[in-house]
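Hello,

Here is the structure I said I would pass on. Please open it first, then read the notes below with it on your screen.

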Amino acid sequence: ALRRGGAEIWSEIELAYRMGECTFLAVTGTNGKTTTTSLLAAMLAEGGERSAAGGNIGIPIVDAVEEVGPDGVVALEVSSFQLLTIHEFRAEVAVLLNIAPDHLDYHGDLDAYAAAKARIVENQTSSDVFVCNADDPLVMKVAAQAPGRVVTFSATDSSADLTVAGEHLTWRGRRFAPLSSLTLPGRAGVEDALAAAGAALEHGVAPDAVARAIASFRPLAHRLQTVATIDEVDYVDDSKATNPHATLAALRGRRDVVLIAGGRSKGNDLGELRAGVPPVRAVVALGEAAGEVRSVFEGLVPVEVVGDMRAAVAAARSYAVPGGSVLLAPGCASLDMYTSYAARGDDFARCVRELIEEGATDGDA
């Protein structure tokens, strides 16, 4: 817990915890927090709970606490920064999705960042639940120290408490939702759904309500969102991929990808992105980290450095092949060029639409 000049510093989640008498179900991790928390909130609502989403999404946490009242439940997205300044905050169900290098410009190193994430279980008791990713070694180190009951999820490990068996998502060996009903893309989408389901089911939401929420949930903006298909090439906005771990997750299961990457690196090692070749066949680099991106991929695949998003989309189109994709998954923050990752994704979509309009004009000529 942080102190400055003898004063105790509280994060908003600490203040809300002290104000409210509701139940907190908290979600953290390097990637997937917002999607998982949003889906968890949908499951709670579908199950008839008096609930709200708060934290880095939805309404301010103090408002969420007031809205749901003492018998309600708050699905809470929490960051490493917020966890640094907790003192008594306790989540009856805590979810840790993954831990990969991020925000190292603030935390200093991966150990300090992981220690901040681990604080989500610090005040749990033996009656609480820790939902965790069985495939992430750093997460499982936290699980070994968790005071509550450990519930694991995995998209591939059949021994996990929540996993995939055949064409169904399962909990403790029982089917609760068909895999075909899940609209979240890729393995990361399966993991997010399993994690949210684990939190909801362990809290007591009925399996059929969880299944209905999964079927009706739609991916959030700027998260592997296909904005257009031009000449058999998908243009995909994953602007929310603000670290290498997220970029590599976005590449899973794809082929012939032209990657648009770069921005503000936050002190992360972009060299991890080399593991994306293949399916990456070419890279377009922009922003503060363009030079670093170029050095990562030079000699492996063609790399072109550009000055803005319009030039990036045009360059990416020149390298794309039918059946492949142009993927905006920058691996970096957006604040060198944009006000947010959302603004960056919107600019990408706007530039792709301009490509379509130019094509229509060319066809009319």
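**Notes on five residues**

Thr247 counts as buried, because its relative accessibility is 1% and the cut-off for buried is under 20%. Please keep in mind that this is a predicted model.

Thr247 lies in helix H10, which covers residues 244-251. Which residues does Thr247 touch, not counting those up to four places away in sequence? They are Ala241, Leu259, Leu273, Ala329, Pro330 and Gly331. Take Leu273 from that list: Thr247 and Leu273 are 26 residues apart in sequence, and their C-alpha atoms are 7.5 Å apart in space.

Val95 is in strand E6, residues 93-96. Val95 also counts as buried, at 1% relative accessibility. Leaving out residues up to four places away in sequence, Val95 touches Ala26, Val27, Thr28, Ile120, Val131, Ala195 and Ala199. For a pair of residues that you can find on the screen, try Val95 and Arg264: they are 169 residues apart along the chain, and 28 Å separates their C-alpha atoms.

Ser265 is in a loop, between strand E14 (257-261) and strand E15 (280-285). Is Ser265 buried or exposed? Ser265 has a relative accessible area of 17%, so it is buried, given that the cut-off is under 20%. Not counting residues up to four places away in sequence, Ser265 touches Leu270, Ala289, Glu292 and Cys332.

Arg223 is in another part of the chain, in the loop between helix H9 (207-216) and strand E12 (225-230). Arg223 is buried but has no salt bridge. How far away is the nearest side chain of opposite charge? That side chain belongs to Glu77, and the distance is 6.4 Å; a salt bridge needs the charged atoms within 4 Å. What the side chain of Arg223 does make is a polar contact of 3.2 Å with the side chain of Tyr341. Tyr341 is also one of the residues in contact with Arg223 once neighbours within four places in sequence are left aside; the others are Thr34, Thr35, Asp237, Asp238 and Lys240.

The last residue is Met19, in helix H1 (residues 12-19). Met19 is partly exposed, because its relative accessible area is 48% and the partly exposed class lies between 20% and 50%. Together with Trp10 and Leu15, Met19 makes a nonpolar surface patch of about 290 Å².

Regards

Notes
Residues numbered from 1 in each chain as written. Predicted model: local features only at pLDDT ≥ 70, side-chain atom pairs only at ≥ 80, totals over all residues. Heavy atoms only, no water. Helix = DSSP H or I, 4+ residues; strand = E, 2+ residues; numbered from the N terminus. Buried < 20%, exposed > 50% of the residue type's maximum accessible area, 1.4 Å probe, protein only. Contact = heavy atoms within 4.5 Å. Patch = residues over 30% accessible without salt bridge, like charges linked within 9 Å, V, L, I, M, F, W, Y side chains within 5 Å. Areas by Shrake-Rupley, 256 points an atom, 1.4 Å probe, with all protein chains shown as cover. Lys, Arg positive; Asp, Glu negative; His and termini not counted. Polar contact = N/O pair within 3.5 Å; in protein donor to acceptor, adjacent residues only side chain to side chain.
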